[in-house]
Amino acid sequence: MTQAPDITIRWNGRDIPARDGESVAAALWRAGITTIARSRKLHRRLGYSGAYLTGVLARVDGRPNVRLDLTPARAGLEVEMQNTWPSPRFDLLKLAQLLPAKAVYGGFEHGAMMPASGLGYRVAERIMANLAGVARPADADLNPQEIPGRGAEVDCLVVGGGPAGIAEANARVQGGQSAALVTRGNELARFARSMGVAVPALDPRVQLFAGTELFGCYRGGAIMVGAPHDHRAGAVAFWPKSAVLATGRRSMPPLVKGNQLPGVLDAHAALELVDTHGVLPGARIAVIGTGAETALAARLKALGANVVYTGKAAHLKEIRGRKRVIGILAEQNIACDALVHAGPWRTDPSLAFQVSAEGHYQVLAEPLPQTVTLAGIAAEGSEPIPAAKHLHHDTLICPCMDVTAGELYCHVDAGETDPEVLKRLTSCGMGTCQGFPCWESMLAVLAARVDGLPDEFARPTHRPPRRAITVAQAAGLVAIVEPDT
Amino acid sequence: MNAPLPKRASVVIIGGGVQGLSCAFNLAELGQRNILVLDVGYWQGGASGRNGTLIRPGFASVAWTELFKLTVAEWGTWSKRLGENIMFTQRGYSVVAEKEKSAAMLEEGLRVQRSLGVNSRMLTRAEINDLLPAINKSRVHAVQHQPDGGVAPHHAVMKGLLAFCKRNGVDVRYRTKVTGLERTGDRISAVMVGDHRIDADCVLACAGPNNPDIAALAGVELNGFGMRIEAMALEPTRPLIKPAIALIDSLAYFHQTSRGEIMGGTEVPERPRMSLKADVPVMASMAKIYLEMFPQLGEVRILRHWAGQLHASSDFAPLMGEHPELQDFWFSAGWSYGFAGAPAAGKLLAQAIKTGQIDHRLKPFALNRFETTGPIIEAGIVMA
């Protein structure tokens, strides 16, 4: 476990020791680098959190917006922070941190801060486009080529490489069907194994697509498409006779002030750091949850972590810190430098939504077709997110677009309670996550504010492919999927 | 928000998209009172929130170019008149021909545009390098550039329109479905929402893909068919592409939004269906076009992909005016460039409804043109 770093990678022009093949996010954390990205408007510090992808996006070897948690470290890899000007090491955009959150409500692309027309607008637009764009375009000399995709017909497609997905895939091939299993992670059932749960081996007859994110269900589930995170490998279109969504659940970030601070991690990310990479999330760790916190804390302790607090997610009132977490306020003040959350757990609704939502307004009312089933913990449903009616206005709901509870309250208190409209007024959930977890948080905040229930509101529409495929990978599908004629 | 619906209105507008709200705004400016807007969906839920937001004055036919020259002039006045920044930006609109034949068509269109006073020109190679540095020049045969064209983000436009309507007493109701239309003799007289009757002096349908159904509620027919169009947005980057772009040979159009996303769409031949679900072939085709025309986009990730519906007329030109068989029943329908055209449509239709004067720029788009003057031939649109 304490294997020494054997290579160096470059972070903002500096050498950082790393282990060959570990994730770049883990290597940076080990080196004490917890701020990896900056939010778009207020330049808040963001890091590896598990919940928010935007905290691990950086420029890698001239490619913008690469996920560092899925990128293996290689000797000489050039990794650079984005959203800085003029350079990551001398970044004047940090001054944006001095702005009050209110200054950017609906700001930037919404025109509130800009002259209304003429040359003044064009100049302002150019500046805003540079700020809002966050990342420089890809280097011109990369010369990307179309990456041929492939098609696969299969009796059963299993999405998710946890214990439930493995069991489902095994059962199908043992029953004589052909089965494929797609999993975003590079290895199977990493979280379950790290928690000490026994995991069955995958039957070798199951075709395994690891490191691949299945992002789209098309034509009512007749076609499902995924793409590998490795930008050099082609996308895959499946024609499954049936599909099993065993995508598990993810812990939702707490709805309190400071929830975006580096040092706040979900259970999956924290265990990956500790168990897979041998990096402790902090010297003093607080663990909260909706029941799983005790088991998670015990596991973290067994792996060598110093857990100073274990408590209920609903008791958390504030996360303190400027550069990273320095403490939390729960039933009492706790000094800690990392907060790990294990619940409330929610199922990512995107794939099921894509299969079933139909009609002019795509309101999710239809049940799933018989060919598509949920399995494992994803089938157990989602837990409610505790949200107070009066959250601190700076509580971040959507870190990509810097949407705070205060900004949502501005609209909700003025009578606007349609989630589709709130999405359009604030851009909440329109960044890297494309709605998960940010719309879960938005719906919880909205419901608490108007004394309703989150399920009473129609969800905004979940749309593929939510950044799981590059243009070059998608171009390689032209010859694979024919138009529906 | 949940105040009871009124029992009568001077003008009932069916559809609260950019067409309906543009008409409401222009009518209100002309002093019309008691305007009621009804929309079955949510704000920006239809094509007004799903389109490419591209705006240009110049086409290949006189009728289109006159209408869209007016629309560009109107766009320039909206921020001031609405009292909200709608972020209309005249960053230019480039129509790219990849084949010689289409290049000739662009030259032809240029003559029409110039004769009508539209600022438009064919770019030299040096100008192409300057304006579109990232484009794959080997694929470009000719570029017609319209400096007065540009884009306006639909969220800002719709926000401005709705805010104006609310400030000026226009009653706008979303998630409210019109279930019936009543006629008295040869004129329309009332709108039904469930069993609630709203007496109306005039009804204007701006209902996008639902226009034929609205016409049917009053027992009349409307030319055209429903069409599904898809678009997608790439993950934001800092500016790479300055003007709005249409590729007339690849049937694609796109621009980089002011928040850095490259947003656009294309068409693939497929069976017509009224669905809002996106499908793989458009994503793949659009990606291939991006990769070939702007190779630097190859490494960019695709953020989201969606579909929208519109009601296209059989010549793809808008259907604007009073229905020939039913008095006081007006349409702004058949739009495929409806977002761009909304300011002109709103102005001309409001004028026609309020004063009875039919502007010469409105006349060619009359609903009965297929039986009278014939279809409008327009080669400069990116539709098939």
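How many residues of domain 1 of chain B are in contact with domain 2 of chain B? In this predicted model, 12 residues of domain 1 of chain B touch 9 residues of domain 2 of chain B. Sorted by class, the domain 1 side of this contact holds 6 nonpolar, 5 polar and 1 charged residues. Both domains are assembled from separate stretches of chain B: the assignment places 8-50, 155-223 and 315-365 in domain 1, while domain 2 takes in 90-149 and 226-312. Between the C-alpha centres of domain 1 of chain B and domain 2 of chain B the distance is 30 Å.

A word on confidence is helpful before going further. Chain B has a mean pLDDT of 95, and 99% of the residues of chain B reach 70 or more. For the model, the scores are ipTM 0.96 and pTM 0.95.

Chain A is also divided by its domain assignment. Domain 1 of chain A covers 7-91, whereas domain 2 of chain A is made up of 150-250, 347-381 and 468-475. Taken over C-alpha atoms, the centres of domain 1 of chain A and domain 2 of chain A are separated by 29 Å.

The two chains meet across an interface in which 56 residues of chain B are in contact with 62 residues of chain A. On the chain B side, two or more residues come from each of helix H2 (62-82), helix H5 (154-167), helix H7 (280-293) and strand S16 (302-312) of chain B. The most is given by H7(B), which supplies 9 residues to the side of chain B that touches chain A. That side of chain B is composed of 27 nonpolar, 17 polar and 12 charged residues.

Helix H5 of chain B, one of the elements at the interface with chain A, also packs against helix H1 (residues 18-29) of chain B. The axes of H1(B) and H5(B) come within 10 Å and cross at roughly 40°, which means that H1(B) is oblique to H5(B). This crossing of H1(B) and H5(B) is left-handed. From H1(B), the residues involved are B:Val18, B:Leu21, B:Ser22, B:Ala24 and B:Phe25; H5(B) answers with B:Val157, B:Met158, B:Leu161, B:Leu162, B:Phe164 and B:Cys165. By class, the contact of H1(B) with H5(B) contains 10 nonpolar residues, 1 polar and no charged.

H1(B) has another helical partner in helix H8 (residues 338-355) of chain B. Here the axes of H1(B) and H8(B) are 8 Å apart and the packing angle is about 40°, so H1(B) is oblique to H8(B). The crossing of H1(B) and H8(B) is right-handed, whereas that of H1(B) and H5(B) is left-handed. Among the H1(B) residues that meet H8(B) are B:Gln19, B:Cys23, B:Asn26 and B:Leu27, and the H8(B) residues on the other side include B:Phe339, B:Pro343, B:Leu349 and B:Ile353. B:Val18, B:Ser22 and B:Phe25 take part in the contact of H1(B) with H8(B) and also in the contact of H1(B) with H5(B). The contact of H1(B) with H8(B) comprises 11 nonpolar, 5 polar and 2 charged residues.

Some backbone details of chain A round off the picture. Two cis peptide bonds deserve a look. The bond from A:Trp85 to A:Pro86 is cis, with omega near 0°, and A:Pro86 belongs to strand S8 (residues 86-87) of chain A. From A:Gly343 to A:Pro344 the peptide bond is likewise cis, with omega near 5°; A:Pro344 sits in the loop between strand S23 (338-342) and strand S24 (345-346) of chain A. Although A:Asn12 is not a glycine, its phi is positive, at about 50°. A:Asn12 is found in the loop between strand S1 (7-11) and strand S2 (14-18) of chain A.

Terms used:
Residues numbered from 1 in each chain as written. Chains lettered and ligands numbered in written order. Predicted model: local features only at pLDDT ≥ 70, side-chain atom pairs only at ≥ 80, totals over all residues. Domains from an automatic or database assignment. Contact = placed C-beta atoms within 7 Å. Nonpolar A, V, L, I, M, F, W, Y, C, P; charged D, E, K, R; others polar. pLDDT = per-residue confidence, 0-100. Helix = DSSP H or I, 4+ residues; strand = E, 2+ residues; numbered from the N terminus. Axes fitted to C-alpha atoms, helices over the stretch in contact; angles between N-to-C directions. Parallel < 35°, antiparallel > 145°, perpendicular 65-115°, else oblique. Left-handed = near helix turned anticlockwise from the far one by under 90°.
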